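Look through the sequence and the model below before reading on. The paragraphs that follow start from one side chain and then move outward.

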Amino acid sequence: MARRLRFNGTDSKNGGCPAIHEDLDSGEVIVQGRPLTEPEDLSRLQHFGLGDVAVAVPRELLVNHGPKEMERVPKLIGLADFGRLFETFEHSAWHLETRRGYASDREDDGYAEFLETGVAPMDLDSDWCQNIRRQTAAGKYVGRVRVVDNPPAEGQLFLLSYARVNAATGEDVRNLWREDAESAHLPEEDFWVFDSRLVAILRFDDAEVFRDVEITTEPAEVLRYCQVRDAAVHASVPYDQFAAQLHTKG
């Protein structure tokens, strides 16, 4: 079974080596670099065993993108603190959505209406919509990219219809196919980036029930998520264009 690898970062100026990845299951760190091949150099390495491979990387790669703790301890915040982030951010808030659906959507009255009519209701009076309208009216950027399976899951179709509501609040709403997300090396994570300095990672159980929020302000981690954001926006298209694709692809 293939490893679940997460790209942690690179100091390369042209997108090549060196780079660091992390195995999300084992915690092992995978370092890409220039192989050490000179026999004299290899003979000087201690504890170098048969089948081992040595690579040379700049010191700053490990400092900038290597793990800083032996065991990562997540910093969790409550729902009230998470909600306040949407009221206090200064200039931008951006979301990547990768799941096939969300339990919270299925509990909404509008979901039942969508199942009956195929169209999510246009409700702009909710607390969420009113706040986002205030933020975007103040000149702040709010955006999201949603990943969609082929064929789309029921929950994804609901969100594609609900994107009309998001857009009406001033959000920049975009979509892309799962296969294109994989080609762009996007992680299977749901997260918000606030002001390119704080990341809130949303965690769910297997039933798509929202569990908790982990936050990080560690610069190398935030940079990695910002790079994911840029790649996702580049690979995606506005939701209305994507909806038109959906009819031709299906």
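Is Phe-82 buried or exposed? The model is a predicted one, and in it Phe-82 has a relative accessibility of 11%. Buried means under 20% relative accessible area, so Phe-82 counts as buried.

Phe-82 is found in helix H3, which covers residues 79-88. Once its neighbours within four places in sequence are left aside, the residues in contact with Phe-82 are Ile-77, Trp-192, Ala-200, Leu-202 and Val-213. A distance can be added for Asp-195: the C-alpha atoms of Phe-82 and Asp-195 are separated by 14 Å, and the two residues are 113 residues apart along the chain.

The protein as a whole can be described in the same terms. Of its 250 residues, 41% count as buried. Contacts between residues at least 6 apart in sequence can be sorted by separation, and 69% of them join residues at least 24 apart. The protein has 10 helices and 13 strands. Taken along the principal axes, the box filled by the C-alpha atoms is roughly 70 × 40 × 35 Å. The protein exposes about 14,600 Å², with 51% of that area supplied by carbon and sulfur atoms.

Next comes a sheet. Three strands form an open sheet with antiparallel pairing, in the order S1-S2-S3. Strand S1 (5-10) and strand S3 (29-32) each have a single partner strand, so they stand at the edges and one side of each is left without a neighbour in the sheet. From one strand to the next, the twist averages 25°. S1 pairs with strand S2, residues 19-23, in the antiparallel sense, and five bridges join the two. To follow the pairing at a single position, take Phe-7: its bridge partner in S2 is His-21.

The last stop is on the surface. Which residues make the nonpolar surface patch of about 390 Å²? Val-29, Val-31, Val-53, Val-55 and Leu-62 do. Leu-62 lies in helix H2, residues 59-65. How does Leu-62 compare with the buried class? Its relative accessibility is 45%. Exposed means over 50%, and partly exposed is the class between the two cut-offs, so Leu-62 counts as partly exposed. A patch residue needs over 30% relative accessible area, and the 45% of Leu-62 is the value to set beside that cut-off.

Methods
Residues are numbered from 1 along each chain as its sequence is written. This is a predicted model: local features need pLDDT of at least 70, side-chain atom pairs count only at pLDDT 80 or more; totals for chains, interfaces and linings use all residues. Side-chain values use heavy atoms; hydrogens and water are left out. Two strands pair if DSSP finds at least two bridges between them. Helices (H or I, at least four residues) and strands (E, at least two) are DSSP runs, numbered from the N terminus. Axes are lines fitted to C-alpha atoms, for helices over the stretch in contact, and angles run from 0 to 180 degrees between N-to-C directions. Patches are made of residues with over 30% relative accessible area and no salt bridge: like charges are joined within 9 Å, nonpolar side chains (Val, Leu, Ile, Met, Phe, Trp, Tyr) within 5 Å. Accessible areas come from the Shrake-Rupley method with a 1.4 Å probe; for residues, only the protein chains shown count as cover. A salt bridge is a side-chain nitrogen of Lys or Arg within 4 Å of a carboxyl oxygen of Asp or Glu. Buried means under 20% relative accessible area, exposed over 50%, partly exposed in between (1.4 Å probe, protein chains only). Contact means heavy atoms within 4.5 Å.
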